[in-house]
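Work through the exercises below with the model open beside you. Try each task before reading its solution.

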Amino acid sequence: MDVHATRTIAASPVEIYTFLENPDRHWQLLGRRLQPLRPYDGERSQVRLRGPLGIHRTLWIRMAVSDPPHELVGRVEAGGGTTIGTVRWEIREHTASSSVTLTARTEVAAWLDRLLLVCGGAHWLRRSLEVTLRALDERLAPD
């Protein structure tokens, strides 16, 4: 299952990529929805994703692909590897701005995660991606 959001941001791909290349900065963009547990150590980081109704998932995230300044991909594992997916940032330059698409893809999902996605989790995740892109836009907005 793929969930994505796209936003035009008034910054160059290099500015956006420079901010995003440090994975610990991603956590600043999701606010209360994400709690950092272990900072990025050059290989992976651990976070707790907080959903509605007190539901939460602990995620391990590894950097998988880096194509400066156009793409970053992280591999995500939850439930001891029973749920696996990717988070992809795609940055495309426009005349005076950049289009940023953030995609969360679930490749393998445990039965509970499949149920959560079907019962509103995919909608919540899409809103979370939109919140993240809006926060990135605000963070990089010229003063």
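Contact means heavy atoms within 4.5 Å. This is a predicted model, where local features need pLDDT of at least 70, side-chain atom pairs count only at pLDDT 80 or more, and totals for chains, interfaces and linings use all residues. Residues are numbered from 1 along each chain as its sequence is written, and side-chain values use heavy atoms, with hydrogens and water left out.

**Exercise 1. The chain as a whole**

Task: Describe the fold order, the compactness and the surface of the protein chain.

Solution.

Step 1. Count the elements. Helices (H or I, at least four residues) and strands (E, at least two) are DSSP runs, numbered from the N terminus. The protein chain has 3 helices and 7 strands. Their order along the sequence is β-α-α-β-β-β-β-β-β-α.

Step 2. Test compactness. The radius of gyration is 15 Å, close to the 15 Å from the globule rule for 143 residues, so the protein chain is as compact as a globular protein of that length. The radius is taken over C-alpha atoms, and the rule is 2.2 Å times the number of residues to the power 0.38. Along the principal axes, the C-alpha trace spans about 45 × 30 × 25 Å.

Step 3. Check the long-range contacts. Take the contacts with a separation of 6 or more: residues 24 or more positions apart account for 46% of them.

Step 4. Look at burial. Buried means under 20% relative accessible area, exposed over 50%, and partly exposed in between (1.4 Å probe, protein chains only). Of the 143 residues, 40% count as buried.

Step 5. Look at the surface. The accessible surface is about 8000 Å², and 52% of it belongs to carbon and sulfur atoms. These areas come from the Shrake-Rupley method with a 1.4 Å probe; for residues, only the protein chains shown count as cover.

**Exercise 2. Strand β7**

Task: Which strands pair with β7, and is Ser99 buried or exposed?

Solution.

Step 1. Find the partners. Two strands pair if DSSP finds at least two bridges between them. Strand β1 (residues 2–9) runs antiparallel to β7, with 8 bridges. Strand β6 (residues 83–93) also runs antiparallel to β7, with 10 bridges.

Step 2. Pin the register. His4 stands opposite Thr103. Trp89 stands opposite Leu102. β6 and β7 form a hairpin with 4 residues between them.

Step 3. Judge the cover. In β7, 8 of the 11 residues are buried, so the strand is largely enclosed by the rest of the structure.

Step 4. Place Ser99. Ser99 lies in β7 (residues 98–108). Ser99 is buried, at a relative accessible area of 14%. Beyond its neighbours within four places in sequence, Ser99 contacts Thr6, Arg7, Thr8, Glu90, Ile91, Arg92 and His94.

**Exercise 3. Ile61 and its strand**

Task: Which residues stand opposite Ile61 in β3 and β5?

Solution.

Step 1. Locate the residue. Ile61 lies in strand β4.

Step 2. Pair the strands. β3 (residues 44–50) and β4 (residues 56–67) are antiparallel over 7 bridges. β4 and β5 (residues 71–78) are antiparallel over 8 bridges.

Step 3. Read off the partners. Ser45 is bridged to Ile61. On the β5 side, Val76 stands opposite Ile61.

Step 4. Add the surroundings. Ile61 is buried, at a relative accessible area of 14%. Leaving aside residues within four places in sequence, its contacts include Trp27, Glu43 and Arg75. Ile61 and Glu43 are 18 residues apart in sequence, and their C-alpha atoms are 8.6 Å apart.

**Exercise 4. Two turns**

Task: Where is Leu53, and which residues does the cis peptide bond join?

Solution.

Step 1. Take the β3–β4 hairpin. There are 5 residues between the strands. Leu53 sits in this loop.

Step 2. Check its backbone. Leu53 has a positive phi of about 60° although it is not a glycine. Leu53 is exposed, with a relative accessible area of 83%.

Step 3. Take the β4–β5 hairpin. The two strands are joined through 3 residues. Pro69 lies in this loop. A cis peptide bond joins Pro68 and Pro69, with omega about -10°.

**Exercise 5. A helix residue**

Task: What does Phe19 touch beyond its sequence neighbours?

Solution.

Step 1. Phe19 is in helix α1 (residues 13–20). Phe19 is buried, at a relative accessible area of 8%.

Step 2. Not counting residues up to four places away, Phe19 touches Arg25, Gln28, Leu29, Leu136, Arg139 and Leu140.
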